[in-house]
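Reader: I would like to learn how to read the contacts between chains in a model like this one. Could we go through it one feature at a time?

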4 protein chains.
Amino acid sequence: MQFSFPSILKHILKQTARSLHSSTMALSRFEYVKQFEQEEKLLPNSWIVVRIDGKGFHRFCNVHSFSKPNDLDALQLMNLAGMTVLQEFNEIAIGYGQSDEYSFVFRREASVYQRRRDKLVSYVASLFTSAYMFHWKRIFDGRSIAMRYPPSFDARAVLYPTDENLRDYLSWRQADVHVNNLYNTTFWNLVASGLSNSDAEKRLQGTLASDKNEILFSQFGINYNNEPIIYRKGTILLPKSVVSSEGKKQRLIVPIFEDLISDAFWAKHPEILDKKAKTDELYDLGENEAQPVVQYQLEMQERRKAGMNKSESGNRLLATDHS
Amino acid sequence: MQFSFPSILKHILKQTARSLHSSTMALSRFEYVKQFEQEEKLLPNSWIVVRIDGKGFHRFCNVHSFSKPNDLDALQLMNLAGMTVLQEFNEIAIGYGQSDEYSFVFRREASVYQRRRDKLVSYVASLFTSAYMFHWKRIFDGRSIAMRYPPSFDARAVLYPTDENLRDYLSWRQADVHVNNLYNTTFWNLVASGLSNSDAEKRLQGTLASDKNEILFSQFGINYNNEPIIYRKGTILLPKSVVSSEGKKQRLIVPIFEDLISDAFWAKHPEILDKKAKTDELYDLGENEAQPVVQYQLEMQERRKAGMNKSESGNRLLATDHS
Amino acid sequence: MQFSFPSILKHILKQTARSLHSSTMALSRFEYVKQFEQEEKLLPNSWIVVRIDGKGFHRFCNVHSFSKPNDLDALQLMNLAGMTVLQEFNEIAIGYGQSDEYSFVFRREASVYQRRRDKLVSYVASLFTSAYMFHWKRIFDGRSIAMRYPPSFDARAVLYPTDENLRDYLSWRQADVHVNNLYNTTFWNLVASGLSNSDAEKRLQGTLASDKNEILFSQFGINYNNEPIIYRKGTILLPKSVVSSEGKKQRLIVPIFEDLISDAFWAKHPEILDKKAKTDELYDLGENEAQPVVQYQLEMQERRKAGMNKSESGNRLLATDHS
Amino acid sequence: MQFSFPSILKHILKQTARSLHSSTMALSRFEYVKQFEQEEKLLPNSWIVVRIDGKGFHRFCNVHSFSKPNDLDALQLMNLAGMTVLQEFNEIAIGYGQSDEYSFVFRREASVYQRRRDKLVSYVASLFTSAYMFHWKRIFDGRSIAMRYPPSFDARAVLYPTDENLRDYLSWRQADVHVNNLYNTTFWNLVASGLSNSDAEKRLQGTLASDKNEILFSQFGINYNNEPIIYRKGTILLPKSVVSSEGKKQRLIVPIFEDLISDAFWAKHPEILDKKAKTDELYDLGENEAQPVVQYQLEMQERRKAGMNKSESGNRLLATDHS
């Protein structure tokens, strides 16, 4: 069953289109090339994951002397860039970052750019990149690390039709950080203890998780489970209503360091999967109030409150308006 | 007709895959989600145009006080970012920029990222963005314009099967800059002469190109054809072999300001459409040697020649190595 | 995280591929064209609906003197063709036919042709077409209607990520048959009563369902709800375990005439949405045992039982083996 | 540059859409599911090849006792089905059939179904299938081969951006028929001479074309090049203006048996690649006038001329009107 608009309306529309074009006759000869644009729209009512990945970050880390196996500042910079993306899109249900990658999960019903693949994928990559560069100084000025060349990221969009598939996707990324971080932690401790890179590699070949735990513990006195959780679990970003230590209630992008593979996580944060779940419940920031992502947002609010001092307004703009 | 690999090899491969995975058992439960990634590959042997577009640049221009209707510095910054993209991909045949957009034309035979759409589109957007930010100071420090918030760009990929379609695409963009720039030049002159924005808009409603030329000439003494060509025609970027004023032959990304709609342009630069066309012919930079895009490249070469002074190496890295 | 196969294996594979090709050197020069095939695979874990539609069936119905507004035989022929498709694919959860269209719902986990779009869409269209022609005689020989030209159908594939979306899709098609059939029944009764086609059209313009019901009842003494349910609701096809009147338990494709918009339908047939739902429960064919779709299957089984009489084996093949 | 329609028109359109829907309120709740249809349109200005392939034709050939390695009647039936497809679409430049496959090449500028992939692929598959069945009797009645179960075909669409790519595609298919037919001819001669299938296979393992030619010649006295050209080269179908032996000029779908890999073929039939090439030149049917494809068309024209005898009109419809 199909409806067609009354022909009178069609006629009016055509006339209008024609007159609008009349001023651009010069263009009309070539305009047909626009037909070659094929705008794929992502399937409705499916979770959209946009994952960005650092390009050539092995070298980027070396050139900028990032610590190994983890550089806390570099991770915090990733988190600030991730925060910027969540601030821009209120249709993101959850962000998850680890190493040089970040996943942004757009809600099933998200209508951002009419779900056009090219636009979404390229804009998230661009926005993440610019935020990463914009926040560089804030993070690295203390260590006097100047950006020696600009970083870049690629992105891809993946659709997940069910909540279970989405959870499994996030679990996959968190299992990945575990496997990699355990390996890298052991590897770099071996190297620090005097082994060459290739000897350390050989030492770890074929080892199981338990073997690596054993090496860490017996050789280096390290209990892997006591390693900082941000290294072991990555960073989850969620929009939450919080009360800061000053007692003000507000909406912030909050960094969370938890196991997201277990059901407990999803029971605790029901609004991720269900938009209608009560989210007015206050989230207790706890010690995460000290996280750069939180501090940055509080600072921006301070500035805004303090008035529109020109020298501060740059950051203000960043924090509030990404239309 | 289809060949299958001998089953013995299949067996070996499976075994290998299995053992590789054994160390990552933790991952295996969730790894199935990778199957949901659908990597579209762009049709072989077709021109790929990746066009980036500024997001919300109307506001970005206002906040950073860019001149209207054209800000030469802002265009030069776009050109430096475009140059960076051409330096990164040797499979780009031509770049074309105007206003807040830039088109990059990848050769028919380009194999970049196996022609994967998501990767190509997102990476070009990210690279352009980071280069734009990286070169900001070089361009705007003289005018003391600080970046108040990070810019961003989206991108799309469009396929053109024939050379004619590709030429028409580029002609379309160049016709577009003509139509817009003539309008904007007249509009802002009217506004500068005292009209309100809406009165200027009304004044121009329904006018033809000839009308606008007439307004410019009779009211403001402006011969539109004498306006700077970069405003009227946009910027073409081509890789060329040049001899600098110092007499050294080298390969540079060269900015060119010409009409590309006419056949003459394509006869003059045959290597765009035909990779095998002689390109060892030297291109005479002429007065374009003064262009920031050229000056930047020459400067980087100077530094490289002068040795690896640490304080200079950041830019060096940018200019030479985008692997 | 990505694994690459040991390079030695890559080498072996390449060598093998090379030698396999050596016997077909003639082909090798042109074989590159295979790279242009872009096989879209339908998103995993989503319902796939393949809907076929008659091409030019308005004329086909006229040429073959089908009754209006409904021709029961023509609908039964559609059902026999639909049955053939369900017999071919055990991954179809439900079929739904009305007018000259048929929808086939492949399960979320269906792996048919690796979910390749072109193959699935074209094969279902082809199979439906050939079955429609094959069963023609069985249906129309009684009325001596010879096929005067071959019918054809197009098909499309649509993905539905959730069970709710799928139910709404089927409800949409069943609501469509209601709207159309009520209109057509009233229209053709008006025409039969002497109105010209265009007068009947005018009479119905702007009428609501209630108006049409009223016309049917007051003018023609027809209670629409007493019209045959196959006209009002279309035909649902489900694989069911049944006991025929002869007492033999077996698996058949069963035609069902019910409202599928209500929850009751889905509670009654839980195996549609949930593959693991008990389906060993026996389905009572009731009066539907007389349906051609059932009679045909029973007859084929009879023949098979009776032995492989050559003259019968054609149909046997059709009914049992569509590998 | 983008135009938006005046908001007043948008408003009118919305209102209209709303009122049109009011009569179908029952549908409106579910109609949203239509948004899930993603209609891929094939890239403009590219050659579209739709290739159909027999499903399970190995078994179909056995069941219907087709001769090996080639059954001339079966090939002629394929050709009649291919002819029907060319009659239906005047945007097909060339058809090419071999074995159980047929390729249809739609012109670069073809606008059939707005180049929608699903529709094109499924309809060609359906049309080919129904024509194959429709013509069965004409071909096989002489041999008293009844169709024991309906055949089916799948189809795929492939885009080729250049004329060279298209020629290489067709060359690939014709090289394929050569390789296969030489193999099969030798294989079945070996089997006919007493070898088991597996012994014949072993005998041919690793042999080159020259080896097979040698076996055919020395063992069976067969000069492969004297084998019927339809077996060695497949069938090309082209629309041509011809003069039949009766002297009447007309437009027919003509079967041609030539080497299409060489340039000579393309020089002889320039209208394939260039729609504007003179095609009013008369094509000399020669001995191909005896081909079933030609005989069928001439016969249909006879009937039409003879008047609209009812019993003949079915075929008439087929031959003339596939709207």
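Reader: How many salt bridges does the rule find across the interface of chain B and chain A?

Author: Bear in mind that this is a predicted model. The rule finds 10 salt bridges across the interface of chain B and chain A. One of the salt bridges in the model joins the side chains of Glu37(A) and Arg156(B), with 3.1 Å from N to O.

Reader: How many residue pairs are in polar contact across the interface of chain B and chain A?

Author: For that interface the count is 26 residue pairs, both residues being at pLDDT 80 or more. On the chain B side, helix 5 gives the most to the surface that touches chain A, with 13 residues. That side of chain B divides into 32 nonpolar, 14 polar and 20 charged residues.

Reader: What area is buried between chain B and chain A?

Author: The size of an interface is often given as the accessible area lost when the parts come together. Here the area buried between chain B and chain A is about 5,700 Å², and carbon and sulfur atoms give 60% of it. Phe30(B), Arg148(B) and Trp172(B) supply 11% of the area that chain B buries against chain A, more than any other three residues. In residue terms, 66 residues of chain B are in contact with 65 residues of chain A.

Reader: What area is buried between chain A and chain C?

Author: The area is about 980 Å², with 59% given by carbon and sulfur atoms. The rule finds 0 salt bridges across this interface, and the count of residue pairs in polar contact is 2 (both at pLDDT 80 or more). Helix 7 (residues 163–192) of chain A supplies the largest share of the side of chain A that touches chain C, namely 5 residues. That side of chain A divides into 6 nonpolar, 5 polar and 3 charged residues. The contact takes 14 residues from chain A and 13 residues from chain C.

Reader: Now salt bridges within a chain. Where do Lys305(A) and Glu302(A) lie?

Author: Both are in helix 12 (residues 292–306) of chain A; because they are 3 residues apart there, about one helical turn separates them. Their closest N and O atoms are 3.0 Å apart in a salt bridge. Lys305(A) is exposed, with a relative accessible area of 56%, whereas Glu302(A) is partly exposed at 36%.

Reader: Which parts of chain C does the pair Asp163(C) and Arg108(C) tie together?

Author: The side chains of Asp163(C) and Arg108(C) meet in a salt bridge, 3.3 Å from N to O. Asp163(C) lies in helix 7 (residues 163–192) of chain C and Arg108(C) in the loop between strand 3 (101–106) and helix 5 (117–134) of chain C, so the pair ties together parts that are 55 residues apart in sequence. Asp163(C) is partly exposed at 29% relative accessibility, while Arg108(C) is buried, with a relative accessible area of 14%.

Reader: One last residue. Is Ser152(D) buried or exposed?

Author: Ser152(D) counts as buried because its relative accessibility is 5%, and the cut-off for buried is under 20%. Ser152(D) lies in the loop between helix 6 (136–140) and strand 4 (153–160) of chain D. Not counting residues up to four places away in sequence, Ser152(D) touches residues of two chains, including Tyr123(C), Ser126(C), Asp53(D) and Phe57(D).

Notes. Residues numbered from 1 in each chain as written. Chains lettered and ligands numbered in written order. Predicted model: local features only at pLDDT ≥ 70, side-chain atom pairs only at ≥ 80, totals over all residues. Heavy atoms only, no water. Contact = heavy atoms within 4.5 Å. Buried area = accessible area lost by both parts, 1.4 Å probe. Salt bridge = Lys/Arg side-chain N within 4 Å of Asp/Glu carboxyl O. Polar contact = N/O pair within 3.5 Å; in protein donor to acceptor, adjacent residues only side chain to side chain. Helix = DSSP H or I, 4+ residues; strand = E, 2+ residues; numbered from the N terminus. Nonpolar A, V, L, I, M, F, W, Y, C, P; charged D, E, K, R; others polar. Buried < 20%, exposed > 50% of the residue type's maximum accessible area, 1.4 Å probe, protein only.
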